[in-house]
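Me: Please take a close look at the aromatic rings here, and then walk me through the surroundings they lead to. Keep it chatty, but give me the numbers.

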Amino acid sequence: MTALMTIIGIVVFFFGLLISIAWHELGHLSTAKLFKIRVPQYMVGFGPTIWSRNKGETEYGIKAVPLGGYIRMIGMFPPGEDGRITARSTSPWRGMIEDARAASYEELQPGDENRLFYTRKPWKRVIVMFAGPFMNLILAVALFLGVLMGFGLNTTTTTVSSVADCVVSQADQAANAKNPCKKNAQASPAKAAGLKAGDRITAFNGTPVDDSQWSVLQQKIRDTTGPATITVVRHGKTLDLRANLIENKVAKTDGKGGYVNGQYVTAGFLGFTPASGVVTLNLAQSVNRMGDMMQQGVQSIIAIPSKVPALWNSVFNGAPRQQDSPMGVVGAARVGGEVVSLHIPAVQRIAFMLTLVAGFNLSLFLFNMLPLLPLDGGHIAGALWEAIRRNIAKVFRRPDPGPFDVAKLMPIAYVVAGIFICFTVLVLAADLVNPVKLT
């Protein structure tokens, strides 16, 4: 049964992947048609075509390898300096440029002269290329909002899980987990105040906190020494407890309710462990949470080069796979399969799968916005540079420099694509040989 559920989870993830890719390409397709650019093909996947149908001037289809997609637009690159489209050269770099240029015109038909991509104004080309990643961003936001506001987030709450018996630094507590209290040790402020497991803290020194604001409560406790009033709900009744907080050596926080392993600071100490639970967020909290996710996503992309050595060691040297290691489609599908096979409520499994697909769409948006060819961000950068050149020429009354020839950057694009392919293969190998596993 577990194996069957795992397979179902993998299939569900790949179905979500296909929808995400199709949704991305729909953004390009709809805006290209809006600006009267001819689009001969709209394809989901790569490799051999397993199904297609012609509707109007566009062939719509699905290919065998569901790891991407594309639309084919006529005239992605302007003609060469000699006005020809298929000029040849013995230079391999020049050949790359000319091959790319020729491919963008290979389906040119009579009447297409005014329907070429490069003839559209730069702002229209920016919209066409941005529309794909933007569709992924829309889908990611919709899914994240649905999960955070509808299903809730498994997070640390302001409910008390356990109360410390005595005052002990967290470093000593970690070293002596079974019996951290020494003889005649001072009772913890929480225990002395009468705080009990199951109490839900609703205010600290008169400042209200709800169940999803553990990080706020944590910081207020750490900023306080001396008398404090803790308002709790116990068995449906509201109580005000008086505590006398003291300084203690506690684990350093990351500012979001979590801890930094192995690092300690001196701060205010109350002495209880918070419980975890599923908490729904309101719109403002959800937007703030998504902002954190966006920031983390950007930081993860920037950190990719630094992750390569650890990935290599996890594949070839048997090193353990780090939890924050880059993960590809196969690894994400495997995690999705593990989640579906877990013995947890169905609602939580659905929420996790939606979160996984949402995270994939957020990654697609951020990755495609990199200003590098062959990514969408590279074409956007080319169109913006063209607009800047033409406006500068207009200001200084110089001749119009014409369209920026993005095809000249194709040798760089091939190098970038080669790096991406190598990295993708390395991640795939790591996902197969030494996958990231659920904790």
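**Rings and their surroundings**

Reply: A search of the whole structure, which is a predicted model, finds eight aromatic pairs (rings of Phe, Tyr and Trp, the last by its six-membered ring, pair if their centres lie within 6.5 Å; planes under 30 degrees apart are stacked, over 60 edge-to-face, the rest tilted). One of them joins phenylalanine 35 and tryptophan 123, edge-to-face, at 5.9 Å centre to centre and with 80 degrees between the planes. Phenylalanine 35 sits in the loop between H1 and E1, while tryptophan 123 belongs to helix H3 (residues 122-151), so this pair ties together parts 88 residues apart in sequence (helices are DSSP runs of H or I with at least four residues, strands runs of E with at least two, numbered from the N terminus). Phenylalanine 35 counts as buried at 11% relative accessibility (buried is under 20% relative accessible area, exposed over 50%, partly exposed in between, with a 1.4 Å probe and protein chains only).

Now for phenylalanine 130 and phenylalanine 365, also an edge-to-face pair, with 6.4 Å centre to centre and 75 degrees between the planes. Phenylalanine 130 is in helix H3 and phenylalanine 365 in helix H10, so here the parts tied together are 235 residues apart in sequence. Phenylalanine 130 is partly exposed, at 29% relative accessible area, whereas phenylalanine 365 is buried at 11%. Ring pairs also bring in Phe134, making a cluster of Phe130, Phe134 and Phe365.

Quick housekeeping: residues are numbered from 1 along each chain as its sequence is written. Local features in this predicted model need pLDDT of at least 70 and side-chain atom pairs 80 or more, though totals for chains, interfaces and linings use all residues, and side-chain values use heavy atoms, leaving out hydrogens and water.

H3 has a helix for company as well. Its axis comes within 9 Å of that of H11, and the two cross at roughly 165 degrees (axes are lines fitted to C-alpha atoms, for helices over the stretch in contact, with angles from 0 to 180 degrees between N-to-C directions). That makes H3 roughly antiparallel to H11 (under 35 degrees is roughly parallel, over 145 roughly antiparallel, 65 to 115 roughly perpendicular, the rest oblique).

Follow H10 and H11 and you find a cis peptide bond, from leucine 373 to proline 374, with omega near 10 degrees. Proline 374 is in the loop between helix H10 (346-368) and helix H11 (376-395). Most peptide bonds are trans, and most residues other than glycine have a negative phi.

On that second point, have a look at arginine 397: its phi is positive, near 55 degrees. Arginine 397 lies in the loop between H11 and helix H12 (410-433) and is exposed, at 81% relative accessible area. There's a ring story here too: the charged end of arginine 398 sits over the ring of phenylalanine 396, 5.1 Å from its centre (that takes NZ of Lys or CZ of Arg within 6 Å of the ring centre and within 35 degrees of the ring normal).

Back by phenylalanine 35, lysine 36 also has a positive phi, about 65 degrees. Lysine 36 is in the loop between helix H1 (2-34) and strand E1 (41-55), and is exposed with a relative accessible area of 57%.
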